[in-house]
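Here is a set of short exercises to work through with the model open beside you. Try each task on your own before reading its solution.

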Amino acid sequence: MRKGLMAYSLRFFAAVVVLAVGVPCGARPITISSPDGKLAATISDAGGTVSYTVSLDGSEVLAPSTVGIQSDGLVLGKQARFGKVRMHMVDETYGFMGGKAKAVNRARVATIPLDTNGYRYSLDVHVADDGVGVRLRLPAKPGRKVEADLSTWQLPGDPTVWATHYDPGYEKPYHTASLSTLGSDAYGLPLTAKVGGAYVALSEAALVDYGDLGIKRQDGNVLAGFLPLDAKGWETAAEVVQPWRVTIVARNLTALVNTTLIQNLNPPPAPSLKNAAWIVPGRSSWQWMAIGAPKFDDQHQWVDRTKALGFEYYLVDEGWSDWKDPWPSLKSVADYGKSQGVKVWLWVHSKEVADPEKRRAYLRRAAESGIVGVKVDFPEGANHWWSTWYRDVLSDAAALHLLVDFHGAVKPTGMERTWPNELTREAIRGHEYHITRYHRKLEPDHDVILPFTRYVIGHGDYTPVVFNPKELQGNSWAHELAEAIVFTSPFLCFGGDPADYLANPAHDVISALPATWDETLVLPGSEPGKIAAFARRHGNSWFVGVLNGADPASLKIGLNFLGRGSWKVTRLADQPDRPDAYDRREEKVNSTSSLQVNLASRGGFVAWIRR
């Protein structure tokens, strides 16, 4: 089964190219428009350098940018001549676990043969309504040395950007800056910019057998890609498929957070994984931030409290292997959880599942013990070997019907589309970084930038919602609760103690919160770094979550997204001068109503709206 799944993934792009139709082209620029005709990418080989621009409604949102790889001393992407362009259309809809129920993948895709000094390779260009992806593909060659990635993005002017320094574990904070003030440090992806009236997010997709990409600002506000974890390159005899260099373009924040371009640029799952009944999103309790290592003697209590909350999962974190007879003990916890309708996950260090044979044996034992998911922690930085390891873990786990959560991980690049058993990954500065053991400072702008940067490219295991006053670090209870609405994760692992949730005045709202959503709107008044206000629908219920940054603010939330009739709303607002309390109110509303909200510094607001 495992080999069949991997083969299917690798065949996908080859299959669609076979269906392409040849289009003649000379040295003149090639313009490829999106299906709605409003976004366009123009590819040029002027001066022998392959470059491209992106425009929205005729206005440039990405200035001339390059795509390139250095291999065996040859710079591929320079001194290149175009061959005959082959075009095809992609038009599909598929189920999505995140901020909406369905993803739409509709694009025009071109494959352009290139020739540099007699060496032939290909450029792929994917142009969708929500952005552009470009990549090079080099044919297999014995003893090839991949030496460097030479891709660049050039943003026009000096836009405001929301950026984070590069970190292999992706736990650096995000901050607001202008592009010209970034300096020469290494930065990570994604980076979001405001270009004119549009939002532009830069990242990469389909990272496998290639090094993770960082960026540095160069003269002219060019963001140049480099491979921080593969500085000396690597040798391979296989085809080299560069990860897609992605430019997401959105007219507004709702369009930005609803993009699925990163996922669309990955192959679909094998038929056996599409709509697999065992791949189920859900909410989870977790003991690490509450008590540290799990204690065997109180595991039934943890399961019981998880059941009382109505959560689907319970995660047993690091330390279970120190129990007496750990595997039989773990099985007894999983058996008890099953008897109570709670499914159990376990924590594992990546070193236990690095070697393929040891990994399969470990995962097999976990499955035989009744475990339904594994949280794999502390992988090495994603060089070309470790980036492929993620795929291999997911493949081996899928063969045993195991779900996966990667921690200390590289940023998501859409792999969860091909392997939907990946329910989440960390790659984010979340609560565990700030609270567990270290009590490190929580920057007030970080939370209100994340929805428009890191969460644009995929799920994130922030481990939200802590209520213990010593852990709030300036946040309010309403802010903490809103995190579970604003931050998407199909494995929604709550960071606090279930006993605190059951005792909290908002325990009914906590139990009602879903792990995935059918529809998402970003509400007026939202601004990266200042306020993130979201309305999300699940079934017939709406939840509003608002995160506020450093400055107190007021917000009027119109409810015109509601359907007809009367609705009941539970409001949970900041209590003035009391971060560990709510101003809770119940009232009736309709689609013409509005909610006036006062937000404390680092405060928040939650509304649960139902018929």
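**Exercise 1.** Classify R578 and D580 as buried, partly exposed or exposed, and find how their side chains meet.

*Solution.* Keep in mind that this is a predicted model.
- Step 1: R578 has a relative accessibility of 43%. Buried means under 20% and exposed means over 50%, so R578 counts as partly exposed.
- Step 2: D580 has a relative accessibility of 19%, so it counts as buried.
- Step 3: The two side chains form a salt bridge, with 2.7 Å from N to O.

**Exercise 2.** Find the salt-bridge partner of D72, and work out which parts of the chain the pair ties together.

*Solution.*
- Step 1: The structure holds 29 salt bridges.
- Step 2: In one of them D72 pairs with K141, and their closest N and O atoms are 2.7 Å apart.
- Step 3: D72 sits in the loop between β6 (69–71) and β7 (74–76), while K141 sits in the loop between β12 (131–138) and β13 (144–149), so the bridge ties together parts 69 residues apart in sequence.
- Step 4: For accessibility, D72 comes out at 33%, which counts as partly exposed. K141, at 30%, also counts as partly exposed.

**Exercise 3.** Which helices does the salt bridge of R360 and D396 tie together, and is D396 buried or exposed?

*Solution.*
- Step 1: The side chains of R360 and D396 meet at 3.2 Å, N to O.
- Step 2: R360 belongs to helix α7 (residues 356–368) and D396 to helix α8, so parts 36 residues apart in sequence are tied together.
- Step 3: D396 has a relative accessible area of 2%, so it is buried.
- Step 4: For a case with further members, look at D149, E204, D212, R245 and K411, which are linked in a network of salt bridges.

**Exercise 4.** Describe the largest nonpolar core and say which helix gives the most to it.

*Solution.*
- Step 1: This core has 109 residues, and I43, L123, L155, L191 and L346 touch the most other members.
- Step 2: Helix α8 (residues 384–399) gives the most to this core, with seven residues.
- Step 3: A second, separate core has 61 residues, among them Y199, V257, I457 and L492.
- Step 4: Back to L346: leaving out residues up to four places away in sequence, its contacts include L315, W320, W327, Y362 and K375.

**Exercise 5.** Place C493 in the fold and list its contacts beyond its sequence neighbours.

*Solution.*
- Step 1: C493 is part of strand β30 (residues 491–493).
- Step 2: Its relative accessible area is 1%, so C493 is buried.
- Step 3: Leaving aside neighbours within four places in sequence, C493 contacts S284, W286, L315, D461, T463 and P464.

**Exercise 6.** How many residues of helix α12 are buried?

*Solution.*
- Step 1: The helix covers residues 477–486, and 10 of the 10 are buried.
- Step 2: Helix α12 is therefore largely enclosed by the rest of the structure.
- Step 3: The buried residues include the charged-type names E480 and E483 as well as W477, L481 and I485.

**Exercise 7.** Describe the largest pocket and the largest cavity by volume and lining.

*Solution.*
- Step 1: The largest pocket has a volume of about 780 Å³.
- Step 2: Its lining has 41 residues, with Y94, G95, F96, M97 and E416 nearest the centre. By class these 41 divide into 22 nonpolar, 12 polar and seven charged.
- Step 3: Strand β9 (85–95) is one of the elements supplying at least two lining residues, and β9 gives the most, with four.
- Step 4: Turning to enclosed space, there are five cavities of 30 Å³ or more. The largest cavity holds about 70 Å³.
- Step 5: The largest cavity is lined by 13 residues, and Y170, Y174, A427, I428 and R454 lie nearest its centre.

**Exercise 8.** Examine the backbone at Y170, D209 and the bond between L189 and P190.

*Solution.*
- Step 1: Y170 has a positive phi near 55° and is not a glycine. Y170 lies in the loop between β15 (160–165) and β16 (174–178) and is buried at 8%.
- Step 2: D209 has a positive phi of about 55°, but D209 is partly exposed at 32%.
- Step 3: A cis peptide bond, with omega about 5°, joins L189 and P190. P190 is in strand β17 (residues 186–195).

Technical notes:
Residues are numbered from 1 along each chain as its sequence is written. This is a predicted model: local features need pLDDT of at least 70, side-chain atom pairs count only at pLDDT 80 or more; totals for chains, interfaces and linings use all residues. Side-chain values use heavy atoms; hydrogens and water are left out. Buried means under 20% relative accessible area, exposed over 50%, partly exposed in between (1.4 Å probe, protein chains only). Contact means heavy atoms within 4.5 Å. On a 1 Å grid over the protein atoms alone, a cavity is a set of points where a 1.4 Å probe fits but cannot get out, and a pocket is an open set with protein on both sides within 12 Å along at least five of seven lines; lining residues have an atom within 4 Å of a point. Grid points are joined across faces, edges and corners, and a volume is the space filled by probe spheres set on the points. Ala, Val, Leu, Ile, Met, Phe, Trp, Tyr, Cys and Pro count as nonpolar, Asp, Glu, Lys and Arg as charged, and the others, Gly among them, as polar. A nonpolar core is a set of buried Ala, Val, Leu, Ile, Met, Phe, Trp, Tyr and Cys residues joined through side-chain atoms within 4.5 Å. A salt bridge is a side-chain nitrogen of Lys or Arg within 4 Å of a carboxyl oxygen of Asp or Glu.
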